[in-house]
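Subject: Structure handover

Hello,

Here is the structure I promised to pass on to you. Please have a look at it first, and then read my notes below.

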Amino acid sequence: MESTTEKLQTMAGHGKTRPKNSGTKKLFDNPILEALSRTHIMVPISMWIVLSVFLGWYAYTYTDMSNTTIGLLFVVGLFSFTLFEYVLHRYLYHLTPSTPQRAKIQYTFHGIHHEYPKDKTRLAMPPALAIFVAAFFFGLFFLMMGEAAYAFFPGFLVGYSGYLATHFIVHAYAPPKNFFKQLWINHSVHHYKNPESNYGVSSPMWDYIFGSFQK
């Protein structure tokens, strides 16, 4: 007989739920909400690249920052995203499903992806939600660093775009015969061997640092 913890783990897409190599699953009965929960991968990637270019142009044209400062802030933003990706994946997407409410949140955000990892329409945050999340983070960064956010945020968004592209590649295609192969293997370990390891998708660096890497 299943314990309460085992039942919650199953609800959250962990435990006894085996990954399905095909198919999809409805999240919402409302057809509009269901459509908004899906996206083609190029839609968000295109959005963030265009926004990054615009903000970088604005930083170069309308702020007093030097080209060197803009470039350094861009690199810091890019590097910062790799840590953000790791923390978000480990502590929110893999939120412990200790209550039915937490299990539902975890399943909606990420558990459904572990149950249907090949569903290409759910490999990125839907644009309708992502726009509000991006606005929140830009506002937060602007409050923290002022006009430097115009150079920092493009790097952060390019990091996110790289994550989206990498995540799509490792799920949508067979193991590539290039440098993406190791990332493909690392993420496969996360999905098919141990979901409590290898949280980094675009880079295994933080898994090595925090001891969560598994071969």
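Let me start with one residue, keeping in mind that this is a predicted model. Leu183 sits in helix H8, which runs over residues 180-192. Is Leu183 buried or exposed? Leu183 counts as buried, because its relative accessibility is 13% and the cut-off for buried is under 20%. Leaving out residues up to four places away in sequence, Leu183 touches Thr166 and Val170, and also Val201, Ser202, Ser203 and Pro204. For Val201, which is 18 residues away from Leu183 along the chain, the C-alpha separation is 6.8 Å.

A second residue you may like to click on is Tyr93, which belongs to helix H4 (residues 67-93). Tyr93 is buried too, with a relative accessible area of 17%. Which residues is Tyr93 in contact with, once neighbours within four places in sequence are set aside? They are Leu88, Gln106, Phe109, His110 and Met125. Gly211 lies 118 residues from Tyr93 along the chain, and their C-alpha atoms are 18 Å apart.

Now to the chain as a whole. There are 9 helices and 0 strands, so the pattern along the sequence reads α-α-α-α-α-α-α-α-α. The C-alpha atoms fill a box of roughly 65 × 40 × 30 Å along the principal axes. The radius of gyration is 18 Å, which agrees with the value near 17 Å that a compact globule of 215 residues would have. Buried residues account for 42% of the 215. Of the contacts between residues at least 6 apart in sequence, 67% join residues at least 24 apart.

On the surface side, the accessible area is about 12,000 Å², and carbon and sulfur atoms hold 68% of that. The chain carries 17 positive and 11 negative charges, and the mean positions of the two groups are 11 Å apart.

Finally, the record. An unreviewed UniProt entry annotates residues 41-60, 66-88, 123-145 and 151-174 as "transmembrane region". In the model, residues 41-60 are 95% helix and 0% strand, with 29 Å between the end C-alpha atoms. For residues 151-174 the figures are 92% helix and 0% strand, and the end C-alpha atoms are 36 Å apart.

Happy browsing, and best wishes

Key. Residues are numbered from 1 along each chain as its sequence is written. This is a predicted model: local features need pLDDT of at least 70, side-chain atom pairs count only at pLDDT 80 or more; totals for chains, interfaces and linings use all residues. Side-chain values use heavy atoms; hydrogens and water are left out. Helices (H or I, at least four residues) and strands (E, at least two) are DSSP runs, numbered from the N terminus. The radius of gyration is taken over C-alpha atoms; the globule rule is 2.2 Å times the number of residues to the power 0.38. Buried means under 20% relative accessible area, exposed over 50%, partly exposed in between (1.4 Å probe, protein chains only). Contact means heavy atoms within 4.5 Å. Accessible areas come from the Shrake-Rupley method with a 1.4 Å probe; for residues, only the protein chains shown count as cover. Lys and Arg count as positive and Asp and Glu as negative; His and the chain ends are not counted. The place of a charge is taken as NZ of Lys, CZ of Arg, CG of Asp or CD of Glu. UniProt positions are given in the numbering used here, feature names are shortened, and annotations may be inferred rather than shown by experiment.
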